[in-house]
Amino acid sequence: MFARIARRYDLANRLLSAGLDAGWRRHLVAAVRRAQPRDVLDLATGSGDVAFALARALPSGTRITGMDFCQPMLDEAEKKKSARDAHVTFRPGDGLALPLAAASVDAVTIAFGLRNMADRGRALREMRRVLRPGGRLFVLEFSQPARWFRPLYFFYMRRLAPSIAGWLTGDRAAYEYLCNSIDEFPAREALAGEIRAAGFARVAARGYTLGVVALHEAAAD
Ligand SMILES: C[S@@+](CC[C@H](N)C(=O)[O-])C[C@H]1O[C@@H](n2cnc3c(N)ncnc32)[C@H](O)[C@@H]1O
């Protein structure tokens, strides 16, 4: 499915979120920067927007790996790579069985990707496995917004967004799935519980844009 929408994925993101997605990723990058990691895995990197934003915000000695199991998404990322992104490497890999050694990275980021993992618990345990002691996890994902805003928000997500995206990408069904998966995704507290259950400590969450999106941070102690 991601292979089908890869070519127009960035454009659809910008339009469907009215440009807010870039700001949400900036919050993620600012949080990673505070952790001062040397090796970062950006899992479910897609067309690489988080990996590139990290490359621009972190010192040039930081190694950044963008990983995804969808080669057409990685091809889009490679097309966007410029000279200043020299320390970003894109690699194919499945979040449910990461092709990385245990305790080999300082930070794992995952933006709008955990929702799409076929087995969320297993994906979180894999992220925990590859983090070094003291490493940090950063999950940016859609969440459940403020109660009063939900009717309007879900009308947009269920009715308008799939039509707009269908027109843009020619694949309405893909966006019906993506928008529905937002409905079903756990609220902040419940996701924090899943992150703890995967072996993380000190889980903290912040909401953005009336809680439409949340950033969870956790430590691999
Ligand atoms: C909605 S996109 C998010 C892309 C990017 N992180 C962003 O912020 O725009 C979700 C990505 O998750 C990837 N994905 C889903 N399941 C995966 C898995 N098991 N392993 C690796 N990547 C996966 C998809 O291929 C897709 O590129």
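**Sheet, ring pairs and a helix contact**

Mentor: In this predicted model, 7 strands (DSSP E runs of at least two residues, numbered from the N terminus) form an open, mixed sheet in the order 3-2-1-4-5-7-6, where two strands pair if DSSP finds at least two bridges between them. Local features need pLDDT of at least 70 and side-chain atom pairs pLDDT 80 or more, while totals for chains, interfaces and linings use all residues. Residues are numbered from 1 along each chain as its sequence is written, and side-chain values use heavy atoms, leaving out hydrogens and water.

Trainee: Which strands stand at the edges?

Mentor: Strand 3 (88-92) and strand 6 (201-208) do, each with a single partner strand, so one side of each is left without a neighbour in the sheet.

Trainee: How many bridges join strand 2 to strand 3?

Mentor: There are 5 between strand 2 (residues 63-68) and strand 3, which run parallel, and threonine 65 stands opposite threonine 89 in strand 3.

Trainee: Switching to rings, how many aromatic pairs are there?

Mentor: The count is 7, taking rings of Phe, Tyr and Trp (its six-membered ring) with centres within 6.5 Å, where planes under 30 degrees apart are stacked, over 60 edge-to-face and the rest tilted. The rings of tryptophan 24 and phenylalanine 112 have centres 6.2 Å apart and planes at 55 degrees, so this pair is tilted.

Trainee: Are those two buried or exposed?

Mentor: Both tryptophan 24 and phenylalanine 112 are buried, meaning under 20% relative accessible area, with exposed over 50% and partly exposed in between (1.4 Å probe, protein chains only).

Trainee: Which residues do ring pairs link into a cluster?

Mentor: Trp148, Phe149, Tyr153 and Phe154.

How values were computed. Helices (H or I, at least four residues) and strands (E, at least two) are DSSP runs, numbered from the N terminus.
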